[in-house]
Amino acid sequence: MKPAAQVVFVAVVVALAAAAGAEAATCDATQLAPCAGAIIGNAAPTAACCSRMKEQQPCLCTYARDPNLQRYVNSPNGKKALAACKVPVPSC
């Protein structure tokens with residue numbers, strides 16, 4: 001394969017990988033159900049909660065803008081759970 005063709009091939013692979021990564025996170029707030037005790041109740045977040053928060057991290061701004069969900073994302077307990085799971089608090 002010629003060097004120019006290799007560069008084009010790599011660029012296409014990178015673009016496809018980026019597109020696949022964008023589709024990997026499906027925004028579904030119900031996926032954060034394992035975090036209910038931490039966000040609503042003040043319990044420590046579980047490993048399952050942290051795993052789901054990390055998966056849903058790309059969606060947190062969407063949740064923060066949703067009138068039905070923003071009180072959970074922006075609540076003190078929500079921010080504590082994010083910090084405990086080492087997920088940055090979204091700045092949207």
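Cys50 is buried, and Cys85 is buried as well. That pair is a handy way into this predicted model, since the two cysteines form a disulfide with their sulfur atoms 2.0 Å apart. Cys50 sits in helix H3 while Cys85 belongs to the segment after H6, so the bond ties together parts that are 35 residues apart in sequence. As for its handedness, the torsion about the S-S bond of Cys50 and Cys85 comes out at about -70°, so this disulfide is left-handed.

How many disulfides does a search of the whole structure find? There are 4. If you count the bonded cysteines along the chain, the pattern reads 1-5, 2-3, 4-7, 6-8. In chemical terms, each such link is a covalent bond between the sulfur atoms of two cysteines.

Let's look at another of these, the one formed by Cys35 and Cys49, with sulfur atoms 2.2 Å apart. It links distant parts of the chain: Cys35 is in the loop between H1 and H2, Cys49 is in helix H3, and their positions lie 14 residues apart in the numbering. Both ends are tucked away, with Cys35 buried and Cys49 buried too. Here the angle about the S-S bond is 110°, and the link of Cys35 and Cys49 is right-handed.

Then there is the disulfide of Cys27 and Cys59, whose sulfur atoms are 2.1 Å apart. This pair also links distant parts of the chain, with Cys27 in the loop between H1 and H2, Cys59 in the loop between H3 and helix H4 (60-65), and 32 residues of separation. The link is left-handed, at -90° about the S-S bond. Buried or exposed, where does Cys59 fall? Its relative accessibility is 1%, so Cys59 counts as buried. Cys27, on the other hand, has 44% relative accessibility and therefore counts as partly exposed.

Now follow helix H6, where you will find Gly78. Because its relative accessibility is 2%, Gly78 counts as buried. Which residues does Gly78 touch, leaving aside neighbours within four places in sequence? The answer is Ile39, Tyr72 and Val73. Ile39 is worth a second look: Gly78 and Ile39 are 39 residues apart in sequence, yet their C-alpha atoms are 4.8 Å apart in space.

If you like checking backbone torsions, two residues deserve a click. Asn42 has a positive phi of about 90° although it is not a glycine. You'll find Asn42 in the loop between helix H2 (36-41) and helix H3 (47-56), and with 47% relative accessibility it counts as partly exposed. The other is Lys86, also not a glycine, with a positive phi near 60°. Lys86 lies in the segment after helix H6 (76-84), and at 72% relative accessibility it counts as exposed.

Finally, a word on confidence. The protein chain averages a pLDDT of 79, and 73% of the residues score at least 70. Over residues 1-23, though, the pLDDT is below 50, and this stretch has 2 contacts in the model beyond near neighbours in sequence. Among the elements of the chain, H3 has the highest mean pLDDT, at 97, and helix H1 (residues 3-24) the lowest, at 34. Where pLDDT is low, the predicted coordinates should not be read in detail.

Notes: Residues numbered from 1 in each chain as written. Predicted model: local features only at pLDDT ≥ 70, side-chain atom pairs only at ≥ 80, totals over all residues. Heavy atoms only, no water. Helix = DSSP H or I, 4+ residues; strand = E, 2+ residues; numbered from the N terminus. Buried < 20%, exposed > 50% of the residue type's maximum accessible area, 1.4 Å probe, protein only. Contact = heavy atoms within 4.5 Å. pLDDT = per-residue confidence, 0-100. Disulfide = S-S within 2.5 Å.
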